[in-house]
Amino acid sequence: MKNLFLYCRAGYEKDCAAEIQQRAAELGVGGFVKANRDEAFVVFQGFADDDGDRLAAELPLDSLIFARQMFACGDLLSDLPAEDRVSPLTAALGEVSRGGELRVETPDTNEAKELSAFCRKFTVPLRQSLRKQGILLDKENPRRPIVHVCFIGPGKAYAGYSLSHNSSPHYMGIPRLKFPADAPSRSTLKLDEAFIHFIPREEHETRLQSGLNAVDLGACPGGWTYQLVRRGMMVHAIDNGPMNHDLMETGQVTHHRADGFKFEPARRNIYWLVCDMVEKPARVAELMEYWAIQGWFKEAIFNLKLPMKSRYKEVSQILANMHAILKENGVPEFHLACKHLYHDRDEVTVHLWLKPSSPWI
Ligand code: SAM
């Protein structure tokens with residue numbers, strides 16, 4: 001297939017477009033991008049017939065900041081006839097063989113979401129037809145390609161596939177998280193999503209285990225601290241503001257009324273550093289670099305508030321600088337990843353893991 005369809009947050013199409021254009025070029029894939037403001041998706045149109053296939057296979061979704069999900073696809077199918085949308089979609093998906101799952105989706109906009117009920121109903125006859133043609137297996141299989149159909153309007157859809165090892169496990173790339181009734185702020189969901197996104201499920205037991213020590217910079221009223229406490233961690237919460245009373249009652253939180261840019265941990269036993277201070281992104285990055293060079297944590301999750309313009313350029317520049325500075329300062333092995341998560345608004349979330357050569361807990 002020629003094209004690559006990418007889901008992003010509405011309003012971030014330009015950033016997603018700039019990113020895919022650059023990343024495709026780095027892989028030697030030429031093409032141009034179709035992106036309209038507030039449509040919550042971008043289509044990279046390749047020049048060669050298999051450019052979409054190449055990108056779906058060779059470009060790791062996790063390495064993209066602004067794309068929540070992506071799939072290789074053909075051209076837009078417009079004017080799908082109301083009386084039979086199944087046949088043209090089945091024909092368009094003819095190159096896919098033995099898919100493991102079907103997702104009939106929409107972009108994440110209010111207008112497109114009006115099609116959600118239709119998508120749910122339509123999944124049933126489409127699935128039957130795709131199974132008959134061998135495009136889908138009779139039983140769901142998580143190791144086979146995922147077949148995507150994305151309706152961008154009534155009778156208008158892109159159809160294609162993603163590879164299960166290079167795809168979001170979530171419908172439309174959006175994890176469904178429940179807001180805990182006793183959490184002190186809605187931003188608690190940002191850290192919950194970050195843990196789910198950056199830490200593989202099978203590693204939660206070690207890397208998010210009970211008893212680990214954590215520092216939360218800019219902690220109040222305590223939404224992020226709540227996620228650490230919920231997992232049984234002991235938290236130093238740094239903020240001049242008031243901390244949620246119930247969290248303090250757990251006995252797991254020490255509240256330091258201090259400046260997050262000056263605070264230093266008294267002991268070298270911090271596993272998690274998290275930071276949600278509203279500050280210039282370059283200043284937050286510098287602070288994280290300092291903590292990493294001092295070896296004051298093993299893993300960090302922090303937000304970078306985004307500027308109004310050139311958001312992709314600015315974030316990628318900050319990440320490139322961070323990479324270079326950590327290397328220059330002899331931080332031996334680390335993993336740096338960044339994502340515009342569903343619960344992020346005008347910010348992105350960064351994960352920095354100082355990978356140990358010896359056991360790290
Ligand atoms: N993560 C928190 C939660 O989930 O409840 C929300 C954090 S809020 C977006 C930002 C916080 O950073 C504010 O409470 C503010 O007081 C704090 N903050 C900003 N600058 C700070 C600084 N220099 N030192 C400590 N805290 C700071």
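**Entry 1: the largest pocket**

I went to the pockets before anything else, and the largest one holds about 770 Å³ of space. I keep in mind that this is a predicted model. I counted 36 residues in the lining of this pocket, and those nearest its centre are Asp62, Ser167, Pro169, Ile196 and His197. Sorting the lining by type gave me 13 nonpolar, twelve polar and eleven charged residues.

Next I asked myself which element gives the largest share of this lining. I found that helix H6 does, with four residues. Strand E5 (101–105), E13 and E14 are also on my list, since each of them, like H6, supplies at least two lining residues.

**Entry 2: where that pocket sits**

I looked up the domains and found the chain divided into domain 1 (3–173) and domain 2 (188–354). Both domains give residues to the lining of the largest pocket, so I place this pocket between them. The C-alpha centres of the two domains are 33 Å apart. For the contact between them I noted 16 residues on the side of domain 1 and 14 on the side of domain 2.

**Entry 3: the second largest pocket**

I then turned to the second largest pocket, whose volume is about 440 Å³. It is lined by 21 residues, and Arg9, Tyr342, His343, Asp344 and Arg345 come closest to its centre. What is the make-up of this lining in nonpolar, polar and charged residues? I wrote down five nonpolar, four polar and twelve charged.

H6 turns up here again: this helix and helix H4 (110–113) each supply at least two residues of the lining of the second largest pocket. I put the second largest pocket between the domains too, because domain 1 and domain 2 both contribute to its lining.

**Entry 4: the seven-stranded sheet**

Having met E13 and E14 in the lining of the largest pocket, I followed them into their sheet. The sheet is open, has seven strands with mixed pairing, and runs in the order E10-E9-E8-E11-E12-E14-E13. Strand E10 (253–256) and strand E13 (334–339) are the edge strands; each has a single partner, so one side of each lacks a neighbour in the sheet. On average, neighbouring strands are turned by 15° against each other, with direction ignored.

I also checked what packs on this sheet, and it was H6 (residues 188–198) once more. The helix touches strand E11 (272–275), strand E12 (299–305), E13 and strand E14 (347–354). The direction of H6 makes about 125° with that of E12.

At the E10 edge I looked at the pairing with strand E9 (residues 234–238): the two strands run parallel and are joined by four bridges. Within this pair, Ile238 stands opposite His256 of E10.

**Entry 5: two backbone details**

I finished with the backbone. As a reminder to myself, most residues other than glycine have a negative phi, and most peptide bonds are trans. Where did I find a cis peptide bond? The bond between Cys220 and Pro221 is cis, with omega of about 5°. Pro221 belongs to the loop between strand E8 (213–217) and helix H8 (223–230).

My other note is on Asp38, a residue other than glycine with a positive phi, near 70°. I located Asp38 in the loop between strand E2 (31–35) and strand E3 (41–46).

Methods
Residues numbered from 1 in each chain as written. Predicted model: local features only at pLDDT ≥ 70, side-chain atom pairs only at ≥ 80, totals over all residues. Heavy atoms only, no water. Pairing = 2+ DSSP bridges. Axes fitted to C-alpha atoms, helices over the stretch in contact; angles between N-to-C directions. Contact = heavy atoms within 4.5 Å. 1 Å grid on protein atoms, 1.4 Å probe; cavity = no way out; pocket = protein on both sides within 12 Å on 5 of 7 lines; lining within 4 Å. Points joined across faces, edges and corners; volume = space filled by probe spheres on them. Nonpolar A, V, L, I, M, F, W, Y, C, P; charged D, E, K, R; others polar. Domains from an automatic or database assignment.
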